[in-house]
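Me: I should like to learn how to read the metal sites and the open spaces of a protein model. Would you guide me through an example?

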Amino acid sequence: AKFLGRNNAQFYSPSLTHEAMRRLNMESDLRRALEAQEFFLVYQPQVDLQTGKIHSVEALIRWRHPQQGLISPAEFIPLAEGNGLIVPIGEWVLRMACQDAARWQAMGLPLAMAVNLSPVQFRNGSLTRKVRDILEDTGLGAEFLELEITETTLMDESMTTLQTLHELQELGVKFSLDDFGTGYSSMSYLTRLPLHNLKVDRSFVHGLPHDAGSLAIIRAIISLSESMGFTVTAEGVENLEQVKILMQQCCHTLQGYYFSKPVAAEQIPDLLGQNWDF
Ligand code: C2E
Ligand code: CA
Ligand code: CA
Ligand code: CA
C-alpha cells in the first residue's frame with residue numbers, strides 16, 4: 001500500500017468515505033480537545049413534581065470544535081469510549097459539575113447534581129478514588145451527587161465494575177439508571193444493585209399522551225419502581241399534556257424542553273425562582 005500523509009489520504013483514497021474521514025479526523029482532534037479547553041458543560045433542570053421546584057440538574061457535555069462548531073455528545077462520546085479518552089474527559093466533567101454544585105450551595109441553592117458515567121469509566125479501576133478526591137476538593141456532600149449509569153454498566157459482571165458500584169454507594173453517592181427500558185431484557189440486576197432512581201427513556205415519553213403502548217410501559221415502570229423503592233424521572237418532557245399524564249401516574253421528577261433546555265451554569269440560579277405551569 002502507498003504511504004500517504006493525512007491530507008493526501010483524504011484526497012486520494014476512494015475507500016474512505018467522507019463520513020469515515022470525518023470520524024478519523026474527529027478522533028485525533030478529540031485527543032487535544034481537553035487541553036485546548038474546547039469542552040464545556042450545560043445543565044438541564046430536573047423538576048420535583050411534589051414541590052414544583054427544580055431540585056437537581058443534569059450535567060451534559062458540549063464540544064466546541066474550532067472548525068466544525070458544536071459537536072453533539074451523541075457523536076463524540078462513543079468515539080471517546082472506544083479509545084479510552086472518556087476516562088480523562090469523564091473525570092473533567094465530574095470535577096466541573098461538582099465545582100458548580102458546590103458554588104450554588106455556597107449561594108444558598110442546595111441543588112443535587114446528576115452526572116453521566118460511561119461503563120468504560122467503571123472498568124478503569126480508580127473511579128472511587130477520583131470521585132472521593134473530587135468531592136473532597138470541591139467540598140460537595142456525597143448525598144448531592146447522583147451518578148447516571150446505564151444498563152450496560154449494570155450488566156458488566158466484571159469484579160471491578162461491581163466493586164466500584166458498591167464502593168461508591170458506601171461513599172454515599174446515589175445511582176440513577178438512565179434510558180430505562182431501551183436496553184437489556186433481564187431485570188434481575190435491579191434487585192442486586194444499589195439504585196435510587198429510574199429514568200424512563202424519552203422515547204416512551206415521546207409517545208404520550210396518545211400512544212397506549214408507551215403509557216402502558218411508563219405505568220409498568222412506575223409501579224415496578226414503587227414496589228422496589230426507587231423514584232422515577234421522566235426525561236424528554238416537551239409539552240403540558242405530557243406533564244399532566246405523568247403527574248397522574250405519580251412520576252416523581254420531570255426533565256425536558258417543556259421546563260428548560262440545557263443551559264449555561266450562570267442561568268441556573270435565575271431558573272430556580274420560576275413557577276411552572278401545570
Ligand atoms: P442522555 O443522558 O439520555 O441525556 C438526555 C439527552 O436528551 C440530552 O442530549 C438532552 O439535551 C436531551 N433532551 C433533554 N430534554 C429533551 C427534550 O425535551 N426533548 C428531546 N428531544 N431531547 C431532550 P445531549 O445533551 O445531546 O446528550 C446526548 C447523550 O450524550 C446523553 O444522553 C448521554 O448519553 C451522552 N452524554 C452527554 N454528556 C455526557 C457526559 O458528560 N458523559 C457521558 N458519559 N455521556 C454524556
Ligand atoms: Ca443522562
Ligand atoms: Ca437518558
Ligand atoms: Ca440517551
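Reply: The dialogue below treats the metal sites, then ligand 1, then the pockets and the cavity.

Me: What should I know about the model and its numbering before we begin?

Reply: This is a predicted model, in which local features need pLDDT of at least 70 and side-chain atom pairs count only at pLDDT 80 or more, while totals for chains, interfaces and linings use all residues. Residues are numbered from 1 along each chain as its sequence is written, chains are lettered from A and ligands numbered from 1 in the order in which they are written, and side-chain values use heavy atoms, with hydrogens and water left out.

Me: Which residues coordinate the calcium ion (ligand 2)?

Reply: One begins with the donors, which are N, O and S atoms within 2.8 Å of the metal (3.2 Å for Na, K and Ca); water is not among the atoms, so sites may look incomplete. Here the calcium ion (ligand 2) is coordinated at 2.1 to 2.3 Å by Glu58 (OE), Asn116 (OD1), Glu148 (OE) and Asp178 (OD). Along the sequence, these donor residues show the spacing E-x57-N-x31-E-x29-D.

Me: Why can this site be said to tie together separate parts of the sequence?

Reply: Helices (H or I, at least four residues) and strands (E, at least two) are DSSP runs, numbered from the N terminus. Glutamate 58 belongs to strand E2 (residues 53–65) and aspartate 178 to strand E6 (residues 174–180), so the pair ties together parts that are 120 residues apart in sequence.

Me: Are glutamate 58 and aspartate 178 buried or exposed?

Reply: Buried means under 20% relative accessible area, exposed over 50%, and partly exposed in between (1.4 Å probe, protein chains only). Glutamate 58 is buried, with a relative accessible area of 4%, and aspartate 178 also counts as buried, at 8%.

Me: Which residues are the protein donors of the calcium ion (ligand 3)?

Reply: The donors are Asp178 (OD), Asp179 (OD), Glu235 (OE) and Glu235 (OE), lying 2.2 to 2.5 Å from the ion. Their spacing along the chain is D-D-x55-E. Aspartate 179 lies in strand E6 and glutamate 235 in the loop between E8 and helix H12 (240–248), so this pair ties together parts that are 56 residues apart in sequence. Aspartate 179 counts as partly exposed, at 27% relative accessibility, whereas glutamate 235 counts as buried, at 10%.

Me: Which residue coordinates both the calcium ion (ligand 2) and the calcium ion (ligand 3)?

Reply: Aspartate 178 coordinates both ions, which are 4.1 Å apart. Aspartate 179 in turn bridges the calcium ion (ligand 3) and the calcium ion (ligand 4), which lie 3.7 Å apart. The calcium ion (ligand 4) is coordinated by two donors listed as Asp179 (OD) and Asp179 (OD), at 2.9 Å.

Me: Which residues come nearest to ligand 1?

Reply: A residue is near a molecule if one of its heavy atoms lies within 4 Å of it. Of the 20 residues around ligand 1, those that come nearest are Gln44, Arg62, Arg202, Glu238 and Tyr257. Oxygen atoms of ligand 1 have a polar side-chain atom of arginine 202 at 2.7 Å, one of arginine 62 at 2.9 Å and one of glutamate 58 at 3.3 Å.

Me: How are pockets and cavities told apart?

Reply: On a 1 Å grid over the protein atoms alone, a cavity is a set of points where a 1.4 Å probe fits but cannot get out, and a pocket is an open set with protein on both sides within 12 Å along at least five of seven lines; lining residues have an atom within 4 Å of a point. Grid points are joined across faces, edges and corners, and a volume is the space filled by probe spheres set on the points. The largest pocket holds about 1100 Å³ of space. Of its 37 lining residues, Glu58, Leu60, Pro73, Asn116 and Asp178 lie nearest its centre.

Me: What are the volume and the lining of the largest cavity?

Reply: The largest cavity has about 40 Å³ of space, and a search of the whole structure finds one cavity of 30 Å³ or more. The lining consists of Val87, Gly90, Glu91, Leu94, Gln121, Leu127 and Lys130. H4 gives the largest share of this lining, four residues.

Conventions: A polar contact is a pair of N or O atoms within 3.5 Å; within protein, one must be able to donate a hydrogen and the other to accept it, and residues adjacent in sequence count only if both atoms are side-chain atoms.
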